[in-house]
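Biologist: I'd like a close look at the largest pocket in this one, please. Walk me round its lining and then on into the strands behind the story.

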Amino acid sequence: MQSKRIKMMSIPGKLFLAVFVLALISPSTHGAPQGSGYKLIRKIPIGGEGRWDYLSFDPVARRLYVSHLAHIVVIDADAGKVVGDIDTGDPQFTHRAVVAREFGRIFTSNAGTSTVGIFDLKTLAKLGEVKTDVGTDAIIYDPASKRVFTFNGRSKNSTAIDPATGNIVGTIALPGRPEFPEIDGAGHLYVNIADKSEISAIDPKALTVTQTWPVAPCVEPSGLAMDVAHHRLFAGCRNKLMVMINADTGEVLGSVPIGPGVDADRFDPGTGYAFASTVDGMLTIAHEDSPDKMTLVDNVKTQIGARTMEVDPKTHHVFVITADLGPATPEAPDNPRAWPILPNTFVVLEYGK
């Protein structure tokens, strides 16, 4: 009976039915940002008071290291629970922790004392401290050179540390204020120069800047991530863009819009996704379609203040951190420090499919 009714339809009726059926069976191409499937998976409450900054992930131990005041909170990424705490003793707050597994150590960058703390990877006990330079902020471990590098914003330089001895091996003068670094694991180090809207390439063994490139239309790059296989950098910019850059030539290959106040970018080689997290509570997801092209895939709403993040390369989950915030001052949302932080609300939010 159904087939007879279709045959008796007028031409306009058949046309309408055809369009209706196609709409049901065809994937939507309208509004591309609908394809990631990322949603909130879990909340991991931490509590406490005060500021936070970067996260870092240890894929071997499956641990997430979260900065919070003078502490690095250690989270079991699979169980979703706090399993340790590193007290850096900094009077202000600690920016980030990185693992140098082959040396059995964790290194922290401490803002108030402009130092690097050295901790035992297993016991989390403090082993020592190294004086760096004013404005110690981001920190990274480079396994190719077997050195730890801090990036000192107000000093406009980088401090190189021998992780085995804790001794400073040199200081690299930079062309401006550094933000976040990245490595390719093959002897190349990159860092955003925020106040000049540039990226510098560094030889981590020679301790020299080898290239500095402008990254227009990006203004004030903050977060940085890397597709190591294709040598592509992804910089989050304070003028609400994420740009893709050829790490060999410095050429800007494309951009996608993001929210205000970006502070972190990550790349997941398993999915080809590049992520940017912004202070307005937005996780932007772009896809590297080819080494010369990326497209916007999704804008996932997180929570106000969630401007830093980390990616688990095994599960492809994204972790962001934030807290409940009071009424914004006039500088918000572009300035993360413009939001009063409500006590005992600090939380890790985990997103995935």
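Modeller: One term before we start: two strands count as paired if DSSP finds at least two bridges between them. Keep in mind that this is a predicted model. The mean pLDDT of the protein chain is 89, with 87% of its residues at 70 or more. Residues 1-33 are another story: their pLDDT is below 50, and beyond near neighbours in sequence this stretch has twelve contacts in the model. Where pLDDT is low, the predicted coordinates should not be read in detail.

Now to your pocket. The largest one holds about 880 Å³ of space. Its lining is made of 33 residues, and the ones closest to the centre are Phe57, Pro59, Arg96, Glu182 and Glu310. Seven stretches of strand each put two or more residues into that lining: β2 (52-58), β6 (94-100), β10 (136-142), β14 (178-183), β18 (221-227), β22 (262-268) and β26 (309-311). Sorted by class, the lining residues are 22 nonpolar, nine charged and two polar.

The strand to follow from here is β6, as it supplies the largest share of the lining, at five residues. Let's see what β6 does away from the pocket. It belongs to an open sheet of four strands, ordered β6-β7-β8-β9 and paired antiparallel. β6 sits at one edge of that sheet and β9 (126-131) at the other, each pairing on one side only. From one strand to the next, the twist averages 20 degrees. The partner of β6 is β7 (residues 105-110), and the two run antiparallel with six bridges between them. For a spot to click on, try Val99, whose bridge partner in β7 is Ile106.

β22 is another of the strands on the lining list, and it has its own sheet. That one is open too, with four strands in the order β22-β23-β24-β25 and antiparallel pairing. Here β22 and β25 (293-301) are the edge strands with a single partner strand each, so one side of each has no neighbour in the sheet. The twist in this sheet averages 20 degrees from strand to strand. Further in, β23 (residues 273-278) and β24 (residues 282-290) run antiparallel and are joined by six bridges. Ser277 makes a handy marker there, standing opposite Leu283 in β24.

So to retrace the path: β6 and β22 both contribute to the pocket lining; β6 is an edge strand of its sheet, and β22 stands at an edge of its own.

Conventions
Residues are numbered from 1 along each chain as its sequence is written. This is a predicted model: local features need pLDDT of at least 70, side-chain atom pairs count only at pLDDT 80 or more; totals for chains, interfaces and linings use all residues. Side-chain values use heavy atoms; hydrogens and water are left out. On a 1 Å grid over the protein atoms alone, a cavity is a set of points where a 1.4 Å probe fits but cannot get out, and a pocket is an open set with protein on both sides within 12 Å along at least five of seven lines; lining residues have an atom within 4 Å of a point. Grid points are joined across faces, edges and corners, and a volume is the space filled by probe spheres set on the points. Ala, Val, Leu, Ile, Met, Phe, Trp, Tyr, Cys and Pro count as nonpolar, Asp, Glu, Lys and Arg as charged, and the others, Gly among them, as polar. pLDDT is the predictor's confidence in each residue, from 0 to 100. Contact means heavy atoms within 4.5 Å. Axes are lines fitted to C-alpha atoms, for helices over the stretch in contact, and angles run from 0 to 180 degrees between N-to-C directions.
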